[in-house]
Amino acid sequence: FMNARRNYDIASYNSMFDQDYALYQKSKCSFLLSDYQDQEQVLLKIEQSFKQSPYIERVLLDLAELYKNIDQNTQSLIYYDKVLDLSQDEEIISSCFLNKGLIYFNLSEPDKSIFFMKKIITEYPRTRAFRGAKMGLKESYLSKGSLNEYFDFINNIPNINITSSSKDSLM
């Protein structure tokens, strides 16, 4: 990956092919090499220099995930919002909402977490984020000590079936 990163750097410098593509691939190599500082630098360069790039949505999402992984939650939330402003893809949108909900959960803000988990459950039930949202919602309500609110919400969602034994195990 070191050689690939160097070659993508040379390609972007010499404009051998699409500069934004070469830089994006370089950022991927930096990620795989765990060089998060270089990854951030390259992604920010793409964001600033190639606003019309076909990779811009992916760049913004990679920045959001990078910041989440290095515990820069404020930056992460900003970039998830930027992705939400651009994207029309339900998988990406629901994934952004899930990650925002998880960040708020980890920041001990269960009400904000619950908001995003409910949004996924009600508006994006056919996405991959749905399952994580169900678990996140339960954990958020548990952290608040509001199990009755959780059961009231869940009982009104047709895609979710919670058994009596499951309810008992939470009590």
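## A walk through the helices of a predicted model

Glu47 is found in helix 3, the helix that spans residues 36–49, and this residue offers a convenient place to enter the structure, which is a predicted model. Is Glu47 buried or exposed? Its relative accessibility is 12%, and because buried means under 20% relative accessible area, Glu47 counts as buried. Setting aside the neighbours within four places in sequence, Glu47 is in contact with Ile56, Val59, Leu60, Leu63, Tyr79 and Lys82. With one of these residues, Tyr79, the side chain of Glu47 makes a polar contact of 2.7 Å.

The helix that holds Glu47 also packs against a partner earlier in the chain. Helix 2, made of residues 19–32, and helix 3 have axes that come within 8 Å and cross at roughly 160 degrees. Angles over 145 degrees count as roughly antiparallel, and helix 2 and helix 3 are therefore roughly antiparallel to each other. Their crossing is left-handed. On the side of helix 2, the contact is made by Asp20, Leu23, Tyr24, Lys26, Ser27, Ser30 and Phe31, while helix 3 brings Tyr36, Asp38, Gln39, Val42, Leu43, Lys45 and Ile46. Sorted by class, the residues in this contact are 7 nonpolar, 3 polar and 4 charged.

The contacts of Glu47 also lead onward to another pair of helices. Ile56, Leu60 and Leu63, which are among the residues in contact with Glu47, belong to the part of helix 4 that meets helix 5, and Tyr79 and Lys82 are among the residues of helix 5 that take part in that meeting. How do the axes of helix 4 and helix 5 lie, and at what angle do they cross? The axes of helix 4, residues 56–69, and helix 5, residues 73–86, come within 7 Å and cross at roughly 155 degrees, so that these two helices, too, are roughly antiparallel to each other. Helix 4 passes helix 5 in a left-handed crossing. The full set of residues that meet consists of Ile56, Glu57, Leu60, Leu61, Leu63, Ala64, Glu65, Tyr67 and Lys68 from helix 4, together with Asn73, Gln75, Ser76, Tyr79, Tyr80, Lys82, Val83 and Leu86 from helix 5. By class, this contact has 10 nonpolar, 3 polar and 4 charged residues.

Between helix 4 and helix 5 runs a loop, and in this loop Asp71 is found. Asp71 has a positive phi of about 60 degrees although it is not a glycine, and with a relative accessible area of 63% it is exposed.

A further loop, the one between helix 6 (90–106) and helix 7 (110–123), contains Ser108. Ser108 likewise is not a glycine and has a positive phi of about 60 degrees; its relative accessible area is 62%, and Ser108 is therefore exposed.

From Ser108 the path can be followed to a residue much later in the sequence. Lys144 lies in helix 8, which covers residues 129–144, and although Lys144 and Ser108 are 36 residues apart along the chain, their C-alpha atoms are separated by 9.4 Å. Which residues does Lys144 contact, leaving aside its neighbours within four places in sequence? They are Pro110, Asp111, Ile114 and Glu149. With a relative accessibility of 31%, Lys144 counts as partly exposed, whereas Glu47, where this account began, counts as buried.

Notes. Residues numbered from 1 in each chain as written. Predicted model: local features only at pLDDT ≥ 70, side-chain atom pairs only at ≥ 80, totals over all residues. Heavy atoms only, no water. Helix = DSSP H or I, 4+ residues; strand = E, 2+ residues; numbered from the N terminus. Buried < 20%, exposed > 50% of the residue type's maximum accessible area, 1.4 Å probe, protein only. Polar contact = N/O pair within 3.5 Å; in protein donor to acceptor, adjacent residues only side chain to side chain. Contact = heavy atoms within 4.5 Å. Axes fitted to C-alpha atoms, helices over the stretch in contact; angles between N-to-C directions. Parallel < 35°, antiparallel > 145°, perpendicular 65-115°, else oblique. Left-handed = near helix turned anticlockwise from the far one by under 90°. Nonpolar A, V, L, I, M, F, W, Y, C, P; charged D, E, K, R; others polar.
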